Amino acid sequence: MKKKIAVFAGDGIGQEIVPQAIRVLDAIGVRCGHGFDCEYAQVGGAAIDSTGMPLPQESLELAKKSDAVLLGAVGGPKWEGLEYERRPERALLGLREQLGLFANLRPAKIYSALIDASTLKPEVIDGIDVLVVRELTGGIYFGKPKGIEETATGHKGINTEVYTTEEIIRISEVAFKAAQKRRGLVTSIDKANVLESSELWRRVITDVHKDYPDVELRHMYVDNCAMQLIRNPKQFDVLVTTNLFGDILSDEAAMLTGSIGMLPSASVGSTVGMYEPIHGSAPDIAGKNMANPIGTIASVAMMLNHSFDLSKEAELIEQAIQSTLDQGFRTKDIESDGTTLLGTKEMGDKIIQVLESL
Ligand code: NAD
């Protein structure tokens with residue numbers, strides 16, 4: 001298989017973790033006989049410095065003509081004073097919009113070697129493997145009317161939750177298809193007891209479910225879900241929900257695993273998917289060879305699985321991560337007594353070494 005990948009390392013630790021993920025990708029390519037052709041371009045603060053724009057046209061064009069995008073992270077104190085439209089984070093919104101990335105997939109999986117890193121009891125989190133599918137381009141973040149208006153006595157702030165049948169159908173399909181490759185259970189999260197938009201959400205997803213008889217569909221109110229994620233997270237396989245609810249619940253699910261540096265994400269929709277760790281550019285540790293590259297390496301595994309249908313290759317990477325952790329190797333953020341501390345590059349070396357031995 002030959003694939004073209006647009007690589008945007010971005011800012012801060014993005015410059016350190018992305019090269020490690022690319023090395024792992026190359027190792028998989030050599031081992032399994034695939035050609036991954038990586039082309040690099042700038043986004044975020046680095047792009048602002050060289051072109052004045054967070055998402056230069058050239059970078060956007062590269063993303064559009066690639067089979068997938070791998071992104072590190074954007075942002076940092078240097079660019080915080082810029083006006084909103086020129087901020088590094090605009091690059092992410094621009095890419096999502098221009099690539100039609102309407103679904104955000106965030107797995108929260110606990111590695112047994114890291115159980116102690118979670119704030120929850122081991123018996124509650126041991127074995128959790130949840131995938132949050134969040135609608136990314138609709139709902140209350142984009143619905144109109146919106147704004148702040150004057151009233152006779154002060155002001156009123158307005159946002160509107162809007163979902164169309166088409167938007168709900170396409171995100172439901174992403175969730176059902178993901179569940180078919182996992183344990184076959186979708187839990188749809190809404191607030192249908194209060195919100196009309198949720199009532200439509202529930203009605204449409206129930207309808208779409210008829211095309212996926214091999215998947216079980218359950219419904220749950222968002223307040224109950226927030227509680228159940230802490231009480232008994234193992235009951236979930238795929239969670240599908242709106243932009244706002246997903247924003248909150250995906251962070252809650254991520255916290256179950258205890259470490260921000262470990263988790264990957266995928267934004268998918270049309271033909272080009274975008275893959276990135278869930279964390280930011282971590283300016284506090286940038287340039288020190290301290291960042292954990294595992295979230296980015298796991299993002300490459302998601303790319304192989306979701307964009308290229310290479311599930312065996314994805315599994316090999318996941319096994320290599322698991323085995324490296326089982327052998328006691330850690331970056332600073334997940335270090336504990338009795339483990340061996342590695343830098344960013346050395347963790348990349350170790351995962352590749354383990355991968356080659358599998
Ligand atoms: P952050 O995720 O960058 O860092 C939060 C904390 O987690 C820091 O202490 C950091 O050192 C640590 N951390 C994060 N990733 C790590 C890793 N891989 N290994 C070890 N430790 C890690 O969040 P922040 O500090 O709130 O934001 C910093 C910058 O990143 C801001 O400019 C913010 O806007 C941006 N940001 C970008 C993205 C993105 O590119 N998708 C996401 C979130 C924040």
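1. A good place to start in this predicted model is one residue pair: Val7 stands opposite Tyr40, a residue of strand E2. Val7 is not alone here, since E1 and E2 (residues 35–40) are joined in the parallel sense by 6 bridges. To get from E1 to E2, the chain passes through helix H1 (residues 14–32), and the resulting β-α-β crossover is right-handed. Try tracing that path on the screen with your finger.

2. Now look at another neighbour of E1. Strand E3 (residues 68–73) runs parallel to E1, and 5 bridges join the two. Two pairs can help you find the register: Ile5 stands opposite Ala68 of E3, and Phe8 has Leu71 of E3 as its bridge partner. As background, strands of a sheet pair through backbone hydrogen bonds, in either a parallel or an antiparallel way.

3. Is E1 mostly covered or mostly open? Strand E1 (residues 2–10) is mostly covered, with 7 of its 9 residues buried. While you are looking at the strand, keep in mind that side chains in a regular strand alternate between the two faces of the sheet.

4. Next, zoom out to the whole sheet. How many strands form it, and in what order? There are 10 strands in an open sheet, ordered E2-E1-E3-E12-E11-E4-E5-E10-E8-E9, and their pairing is mixed. E2 and strand E9 (216–221) are the edge strands; each has a single partner strand, so one side of each has no neighbour in the sheet. On average, neighbouring strands of this sheet are turned by 25 degrees against each other, ignoring direction.

5. Helix H1, which you met in the crossover, also packs against a helix from much later in the numbering, H10 (residues 294–306). Their axes come within 8 Å and cross at roughly 45 degrees, and H1 and H10 are therefore oblique to each other. The crossing of H1 and H10 is right-handed. On the H1 side the contact is made by Ile17, Val18, Gln20, Ala21, Val24, Leu25 and Ile28, and on the H10 side by Thr296, Ile297, Val300 and Leu304.

6. Finally, a second helix pair to set beside that one. Helix H8 (residues 222–231) and helix H9 (residues 243–256) pack at an angle of about 10 degrees, and their axes are 10 Å apart. Why does H8 count as roughly parallel to H9? Angles under 35 degrees are counted that way, so H8 is roughly parallel to H9. Val222, Cys225, Ala226, Leu229 and Ile230 of H8 meet Phe245, Leu249, Glu252, Ala253 and Leu256 of H9.

How values were computed:
Residues numbered from 1 in each chain as written. Predicted model: local features only at pLDDT ≥ 70, side-chain atom pairs only at ≥ 80, totals over all residues. Heavy atoms only, no water. Buried < 20%, exposed > 50% of the residue type's maximum accessible area, 1.4 Å probe, protein only. Helix = DSSP H or I, 4+ residues; strand = E, 2+ residues; numbered from the N terminus. Pairing = 2+ DSSP bridges. Right-handed = clockwise from strand over helix to strand, strands pointing away. Axes fitted to C-alpha atoms, helices over the stretch in contact; angles between N-to-C directions. Parallel < 35°, antiparallel > 145°, perpendicular 65-115°, else oblique. Left-handed = near helix turned anticlockwise from the far one by under 90°. Contact = heavy atoms within 4.5 Å.
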